[in-house]
Structures are given as C-alpha cells and as structure tokens.
Amino acid sequence: MSTARPDVRLTYDDFLLFPEDGKRHEIIDGEHYVTPSPNRRHQQLLGRLFLAFAEHLRDHPALGEVYFAPFDVVFSNWDVVEPDLIFVAGNQRSILTDKNIVGAPALVVEILSPGTRKRDQQLKRRLFDRSGVQEYWMVDPDKDVVVVHRRDADGGFPRLDELGAGEMVTTPLMPAFSLLLSTLFS
C-alpha cells in the first residue's frame, strides 16, 4: 500500500503572504526564490528599455502595453514571477488585472545579474517556454548583449539570436520597433 505524499509546493496564496521587504519574491514550480534589489547598471538598462518600448507604444497604442517590475505574472498556482520588463500585446489585454497579469505575456525581458543569471537562463526560460510566452530577451550587462528566444512556427522556443553593440534588436510583436544596442548599453 502506498501513501500519497501531500503537495508541499508553495502556491499563489502563499506568495501573497510574503513580506513587502523590497526584494523580489517569485515562485517557480512551487519553489520560493528571493532576489535582492537590483544594482544601478541594471536599473539604467531597465529604464532605457522601458522608455524605448513606451515611446514606441505611445505612437502605436493598439500594439499593447509595457510594464516593469515589480508586477506579478501569474502563470499557474505554482508559478508566479516578476520579470524586469513585460509587454502585453493589444490582443491580450484580457490577461491584465489591476493586481497582476494572469497568463503569458507576449514578450518578457530579464536583465541578468550574478544572483539570477542561471535562474533566468535556465529555469525561467523553461517556464516562459512551457507557459506560452512568444518572445524572451535576456539582457547581459556583463557582455553587452541581448539573447533572444522566439516562438517558431512549430511551437518551439529556440535561441534565435545573440545581438551586441552596433546591432539592432527588433521584434515582430511590435512592428517598426528597433533599438540600437550601443544606445542601450551606453
């Protein structure tokens, strides 16, 4: 006779009880992760990215909306994350609530740091893939590159490109958007 082991994974209800301590709390597959406040370079990159997205969306509001952390993305009862930057496409506005995003945003951006690099490159990439995110950018401030994963026609989520200074990052999710990476990393 086997005995059922209770599910000890944390849930969104547990997440709501975490302290408001200035740190980023996330749950991935029911496991709790805590990230300290970001450094200055991280914040500079996030600010530049947000402004680039927001300026483009100001001129093309039907394309969608952009948000930055902290803003919860609830993929499931056991998967709640706070990506650095989130783009919700115009046809996805139903996933927006006043408190969070419930479902897969079109595009997610994480800025890598020593404390989150492995999690962002592996654990979160897999989460975003299985949850249906269309595009994932990993901004690497140590190498001044942006790694792009984009959903393909077969439903895969391959690494599409690694772009560096002097190159432009674009996305089919926001037609006519482009950002010169030497401007981002300046």
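The chat below goes through helices, cores, aromatic pairs and unusual backbone angles in a predicted model.

Student: Let's start with Glu110, where does it lie, and is it buried or exposed?

Tutor: Glu110 belongs to strand β8, which covers residues 107-111, and because its relative accessibility is 1%, below the 20% limit, the residue counts as buried.

Student: What does Glu110 touch, leaving out residues up to four places away in sequence?

Tutor: Its contacts include Arg24, Glu82, Asp84, Asp120 and Lys124, and among the others are Phe128, Tyr136, Trp137, Met138 and Val139.

Student: Asp120, Lys124 and Phe128 are in α3, right, so which residues of α3 are buried?

Tutor: The buried residues of α3 are Arg117, Arg119, Asp120, Lys124, Leu127 and Phe128, and what covers them includes the strands β1 (24-28), β2 (31-35), β4 (72-76), β5 (79-81), β8 and β9 (135-140).

Student: Why does the end-to-end span of α3 agree with what its 15 residues should give?

Tutor: Helix α3 runs over residues 117-131, and at 1.5 Å a residue it should span 21 Å, while its end C-alpha atoms are 20 Å apart, so the two values agree.

Student: And where does α3 bend, and what comes just after the helix?

Tutor: The bend is at Lys124 and amounts to about 35°, and just after α3 there is Gly132, whose phi is positive at about 95°.

Student: Switching to the hydrophobic side, which residues of the largest nonpolar core touch the most other members?

Tutor: That core has 26 residues, and those touching the most other members are Leu49, Phe53, Trp137, Val139, Val146 and Leu184. Two or more residues come from each of α2 (40-59), β6 (85-89), β8, β9, β10 (145-150) and α4 (181-184), and α2 gives the most, with 6 residues.

Student: Is there a second core, separate from that one or joined to it?

Tutor: A second core of 21 residues is separate from the largest one, and its members include Ile28, Ile86, Val108 and Phe128.

Student: Back to Val139 for a moment, what does it touch beyond four places in sequence?

Tutor: Val139 is in contact with Leu45, Leu49, Val109, Glu110, Ile111 and Leu112, and also with Val145, Val146, Leu184 and Phe185.

Student: Now the rings, how many aromatic pairs are there?

Tutor: The count comes to 9 aromatic pairs. In one of them the rings of Phe15 and Phe18 have centres 5.7 Å apart and planes at 75°, so this pair is edge-to-face.

Student: Are Phe15 and Phe18 buried or exposed, and which cluster do they form?

Tutor: Phe15 is buried with a relative accessible area of 8%, Phe18 also counts as buried at 18%, and together with Tyr12 the two form one aromatic cluster.

Student: What about Phe50 and Phe68, how do their rings sit?

Tutor: Their centres are 4.8 Å apart and their planes stand at 80°, so the pair of Phe50 and Phe68 is edge-to-face. The pair links distant parts of the chain, with Phe50 in helix α2 and Phe68 in strand β3 (residues 64-68), 18 residues apart. Phe50 is partly exposed at a relative accessible area of 21%, and Phe68 is partly exposed at 43%.

Student: Which residue lies over the face of Trp78?

Tutor: Arg9 lies over the face of Trp78, at 4.3 Å from the ring centre.

Student: Okay, backbone oddities, where is there a cis peptide bond?

Tutor: The cis peptide bond joins Ala69 and Pro70, with omega about 0°, and Pro70 lies in the loop between β3 and β4.

Student: And which residues other than glycine have a positive phi?

Tutor: Among them is Asp29, whose phi is near 50°, located in the loop between β1 and β2 and partly exposed, with a relative accessible area of 43%. Another is Ala176, with a positive phi of about 75°, which is found in the loop between β12 (168-170) and β13 (178-180) and counts as exposed at 71% relative accessibility.

How values were computed:
Residues numbered from 1 in each chain as written. Predicted model: local features only at pLDDT ≥ 70, side-chain atom pairs only at ≥ 80, totals over all residues. Heavy atoms only, no water. Helix = DSSP H or I, 4+ residues; strand = E, 2+ residues; numbered from the N terminus. Buried < 20%, exposed > 50% of the residue type's maximum accessible area, 1.4 Å probe, protein only. Contact = heavy atoms within 4.5 Å. Expected span 1.5 Å × (residues − 1). Bend = angle between axes of the 7 residues up to and from the residue. Core = buried A, V, L, I, M, F, W, Y, C linked by side-chain atoms within 4.5 Å. Phe/Tyr/Trp six-rings, centres within 6.5 Å; stacked < 30°, edge-to-face > 60°. Lys NZ or Arg CZ within 6 Å of the ring centre and 35° of its normal.
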